[in-house]
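Me: I have a structure open here and would like to talk it through. Could you help me find my way around?

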Amino acid sequence: MNDGGFIDMINSAFGGAVTTLIGAFTGRLMWHSGEVKLGNRRFFGKELLWEIPVAVGMALIGEAAARYIGLSQPVSTGFVATLAYLGPRGAEALLTTWIGRRKP
């Protein structure tokens, strides 16, 4: 029996790609829910459809970045969910800051 936790269970049942996508969709859903709570959008509106390509894109970007910096499962799934929550603009700001700090 695997005692690794929820992410390891999902990873074992569906594989790493699905686990990464679940993390990305969860991150975008958390962001979307915050926007709903603030009254900026309805929960079931056309805006929700635009979150699908954003989540898939952030899954690809997040997985590549996680591999680049050497994160393993389940940390990489959490990293993907965080980047998906931030979205493309937030991830760009984060990476720009990180790259700026690495320059001598």
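**Charged pairs and an aromatic pair**

Reply: We can begin with Arg 67, which is exposed, with a relative accessible area of 66%. Please keep in mind throughout that this is a predicted model.

Me: OK, and which residue does Arg 67 form a salt bridge with?

Reply: Its partner is Glu 63, and the closest N and O atoms of the two side chains are 3.6 Å apart. Arg 67 and Glu 63 are four residues apart in helix H3, so about one helical turn separates them. Glu 63 is partly exposed, with a relative accessible area of 21%, and that value falls in the partly exposed class because buried means under 20%.

Me: How many salt bridges does a search of the whole structure find?

Reply: The search finds three. Salt bridges that share partners also join Arg 28, Arg 41 and Glu 51 into one network.

Me: Let's take that network apart, then. Where does Arg 28 lie, and is it buried or exposed?

Reply: Arg 28 lies in helix H2, which covers residues 16–38, and at 6% relative accessibility Arg 28 counts as buried. The side chains of Arg 28 and Glu 51 meet in a salt bridge, with an N to O distance of 2.7 Å. Glu 51 lies in helix H3 (residues 46–68) and Arg 28 in helix H2, so this pair ties together parts that are 23 residues apart in sequence. Both Glu 51 and Arg 28 are buried.

Me: What else is Arg 28 in contact with, leaving aside its neighbours within four places in sequence?

Reply: Besides Glu 51, Arg 28 is in contact with Val 54, Ala 55, Ala 84, Tyr 85, Leu 86 and Gly 87. Two of these residues can be described in finer detail. The backbone oxygen of Ala 84 lies 2.7 Å from a polar atom of the Arg 28 side chain, and the backbone oxygen of Tyr 85 lies 3.5 Å from a polar atom of that side chain.

Me: Now the other arginine in the network. Where is the place of Arg 41?

Reply: Arg 41 is in the loop between H2 and H3, and with a relative accessible area of 17% Arg 41 is buried. Arg 41 forms a salt bridge with Glu 51, in which the closest N and O atoms are 3.1 Å apart. Since Arg 41 lies in that loop and Glu 51 in helix H3, the pair ties together parts that are 10 residues apart in sequence.

Me: Which side chain besides Glu 51 does Arg 41 touch through a polar contact?

Reply: The side chain of Arg 41 makes a polar contact with the side chain of His 32, at 2.9 Å. Not counting residues up to four places away in sequence, Arg 41 touches several residues, among them Trp 31, Glu 35, Val 36 and Glu 47.

Me: Switching topic: how many aromatic pairs does the structure hold?

Reply: The structure holds one aromatic pair. The ring centres of Phe 43 and Phe 44 are 4.7 Å apart and their planes stand at 85°, so the pair is edge-to-face.

Me: Why does 85° make it edge-to-face?

Reply: The planes of Phe 43 and Phe 44 are at 85°, and an angle over 60 degrees counts as edge-to-face.

Me: And are those two buried or exposed?

Reply: Phe 43 is partly exposed, with a relative accessible area of 31%, whereas Phe 44, at 70% relative accessibility, counts as exposed.

Conventions. Residues numbered from 1 in each chain as written. Predicted model: local features only at pLDDT ≥ 70, side-chain atom pairs only at ≥ 80, totals over all residues. Heavy atoms only, no water. Phe/Tyr/Trp six-rings, centres within 6.5 Å; stacked < 30°, edge-to-face > 60°. Buried < 20%, exposed > 50% of the residue type's maximum accessible area, 1.4 Å probe, protein only. Helix = DSSP H or I, 4+ residues; strand = E, 2+ residues; numbered from the N terminus. Contact = heavy atoms within 4.5 Å. Polar contact = N/O pair within 3.5 Å; in protein donor to acceptor, adjacent residues only side chain to side chain. Salt bridge = Lys/Arg side-chain N within 4 Å of Asp/Glu carboxyl O.
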